[in-house]
Amino acid sequence: MKTIGLVGGMSWESSAVYYRDLNLGMRERLGGLSSPRLALTTVDFAEVTHLEDDERWDQVGSLLAEAARGVERAGADFLLLCTTTFHKVADQVEEAVDIPVLHLADVVAAAVREAGVETVGLIGTKVAMQEPFFVDRLRGHGLSVVVPDARHHDFLNDAIYEELVHGVVLPRTRNRVVEIIEELWDAGAGGVLLGCTELELLVKQADVELPVFPCTTLHVQAALDEALAEPSASAQVQARA
């Protein structure tokens, strides 16, 4: 079993979901007392969000790169960033380590394409919806991406940062988000990405008719696949050598 590396703390609610679901998923796959090998570090969410607000992305990248190097030193075979928004600096993190980064957008795009969906809606933080780093990576896999109308961006951002990262789940917020998803459906989306871990605490498939792609759940499943993957023939030869 490979060791899964996690850089979390963005928010701790997100990290808790990753940790819980990786453990539940491994037990489901292997049974008994099985659990995954994990190397986890968490950053101070207040610090990274302050840097985000000041648009000091180079410093965010440096902070997450250093966290990733620590996870690598702890024995991780590959790495996940437990966040969507801070994938904005994923390239900087990838350059800082010698282990693969399992990029969330690649994982999600594969699931969307496998489902036969060509146009997908994305809801998340303002950064994820307004800046190209995530949408362009999805489009690089041949997908069309639509985001909510700009008038909804502040509401979604506030719902994430003022409610969900604190574990506050309000029915009125869910109802509003469902309305936004229905607008994406009207705009041609064949499915919707819950592009923030905390949104999975709020919206379930039962709440909407449009197919829901929960990004964190997909990321977790891909990590378990990788952790349990048989090594390639060349890797086996190197290991014997």
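This section describes a parallel sheet, a helix lying across its strands, a pair of packed helices and a buried histidine in a predicted model.

The sheet is open and comprises three strands in the order E2-E1-E3, with parallel pairing. Its edges are formed by strand E2 (37-42) and strand E3 (78-81), each of which pairs on one side only. Averaged over the sheet and with direction ignored, neighbouring strands are turned by 20° against each other. Strand E1 (residues 3-8) runs parallel to E3 and is joined to E3 by four bridges. Within E3, Leu79 stands opposite Gly5. Helix H3 (residues 57-73) lies across E1, E2 and E3, and runs at about 155° to E1.

A helix pair is formed by helix H8 (residues 153-163) and helix H9 (residues 171-186), whose axes are 11 Å apart and which pack at an angle of about 145°. The crossing of H8 and H9 is left-handed. On the H8 side, the contact is made by Phe155, Leu156, Ala159 and Glu163, while H9 contributes Thr173, Arg176, Val177 and Ile180. Classified by residue type, this contact of H8 with H9 has five nonpolar, one polar and two charged residues.

His103 is placed in the loop between helix H4 (90-96) and helix H5 (104-114). The relative accessibility of His103 is 5%, and His103 therefore counts as buried, the cut-off being under 20%. Beyond residues up to four places away in sequence, His103 touches His87, Ala90, Arg137 and His219.

Terms used. Residues numbered from 1 in each chain as written. Predicted model: local features only at pLDDT ≥ 70, side-chain atom pairs only at ≥ 80, totals over all residues. Heavy atoms only, no water. Helix = DSSP H or I, 4+ residues; strand = E, 2+ residues; numbered from the N terminus. Buried < 20%, exposed > 50% of the residue type's maximum accessible area, 1.4 Å probe, protein only. Contact = heavy atoms within 4.5 Å. Axes fitted to C-alpha atoms, helices over the stretch in contact; angles between N-to-C directions. Left-handed = near helix turned anticlockwise from the far one by under 90°. Nonpolar A, V, L, I, M, F, W, Y, C, P; charged D, E, K, R; others polar. Pairing = 2+ DSSP bridges.
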